[in-house]
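Trainee: Please take me slowly through one part of this model, saying where it sits in the chain and what its residues meet there.

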Amino acid sequence: SLSDSGYVPVWRFPGHVWAWPPSFDIVILLNAWKKATLHKQFWDRRKERDARTYAVTFLDEKHDKTYGIPHNALDDAIAQALLVKEAHARKHSLFGE
């Protein structure tokens, strides 16, 4: 059954999909997902977010985004997640949301 396969229907996936930039990373992610499974993508396209735009909105554009080994997929993903987290904290400190 679908529940045994680990498939998560779009309407059950609560989170957003962040990418730097979405026009590149999400295309790669989607193609890999399609090759690995017969299921459609598990996220709602309306929940795709641009980590770069979010980060530079609340942080200095020249903010250091290095983490670990440059151009290593895992290290780049960690660096992007840390920047989004930092930008989110900055947004809350500015606007008190």
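Mentor: What follows is a close look at helix α4, taken from the chain as a whole down to single residues. The model is predicted, so local features need pLDDT of at least 70 and side-chain atom pairs pLDDT 80 or more, whereas totals for chains use all residues. Residues are numbered from 1 along each chain as its sequence is written, and side-chain values use heavy atoms, without hydrogens or water.

Let us begin with the setting. The protein chain has four helices and two strands (DSSP runs, H or I of at least four residues for a helix and E of at least two for a strand). If you follow the chain along its sequence, these elements come in the pattern α-β-α-β-α-α. Of the 97 residues in the protein chain, 26% are buried (relative accessible area under 20% with a 1.4 Å probe; over 50% is exposed, and in between is partly exposed). When we take contacts (heavy atoms within 4.5 Å) between residues at least 6 apart in sequence, 64% of them join residues at least 24 apart. Keep that last figure in mind as we move along the helix, where some of the partners we meet come from other parts of the sequence.

Helix α4 covers residues 73-95, and D75 lies within it. D75 has a relative accessible area of 12%, and therefore counts as buried. If we set aside residues up to four places away in sequence, D75 touches Y67, G68 and I69. I69 deserves a second look, for its backbone nitrogen lies 2.7 Å from a polar atom of the D75 side chain, within the 3.5 Å allowed for N or O atoms in a polar contact.

Further along helix α4 we come to Q80. Q80 is buried as well, because its relative accessible area is 14%. Apart from its neighbours within four places in sequence, Q80 is in contact with A19, W20, D25 and K65. Look at those numbers beside the ones for D75, and you can trace in the structure how Q80 meets residues such as A19 and K65, while D75 meets residues such as Y67.

The next stop in helix α4 is L94. L94 is partly exposed, since its relative accessible area is 44%. L94 and F58 stand 36 residues apart in sequence, yet their C-alpha atoms are 9.0 Å apart in space.

F58 leads us to the aromatic rings. A search of the whole structure finds three aromatic pairs (Phe, Tyr or Trp six-membered rings with centres within 6.5 Å; planes under 30 degrees apart are stacked, over 60 edge-to-face, the rest tilted). The rings of Y54 and F58 have centres 5.4 Å apart and planes at 65°, so this pair is edge-to-face. Both Y54 and F58 belong to helix α3, which spans residues 51-58, and they are four residues apart there, about one turn of the helix. Y54 is buried because its relative accessible area is 16%, and F58 is buried too, with a value of 16%.

F58 also forms an edge-to-face pair with F95, with 6.3 Å from centre to centre and 80° between the planes. Because F58 lies in helix α3 and F95 in helix α4, this pair ties together parts that are 37 residues apart in sequence. F95 itself counts as exposed, because its relative accessibility is 53%. When you step back from the separate pairs, you can pick out one aromatic cluster made of W18, Y54, F58 and F95.

A charged pair can be set beside these rings. A search of the whole structure finds one salt bridge (a Lys or Arg side-chain nitrogen within 4 Å of an Asp or Glu carboxyl oxygen). E48 forms a salt bridge with R45, and their closest N and O atoms are 3.1 Å apart. E48 is partly exposed, because its relative accessible area is 21%, and R45 is also partly exposed, at 47%.

To gather the walk along helix α4 into one picture, start at D75, which is buried and touches Y67, G68 and I69. Continue to Q80, which is buried and has A19, W20, D25 and K65 as partners. Then finish at F95, which is exposed and pairs edge-to-face with F58.

Conventions:
A polar contact is a pair of N or O atoms within 3.5 Å; within protein, one must be able to donate a hydrogen and the other to accept it, and residues adjacent in sequence count only if both atoms are side-chain atoms.
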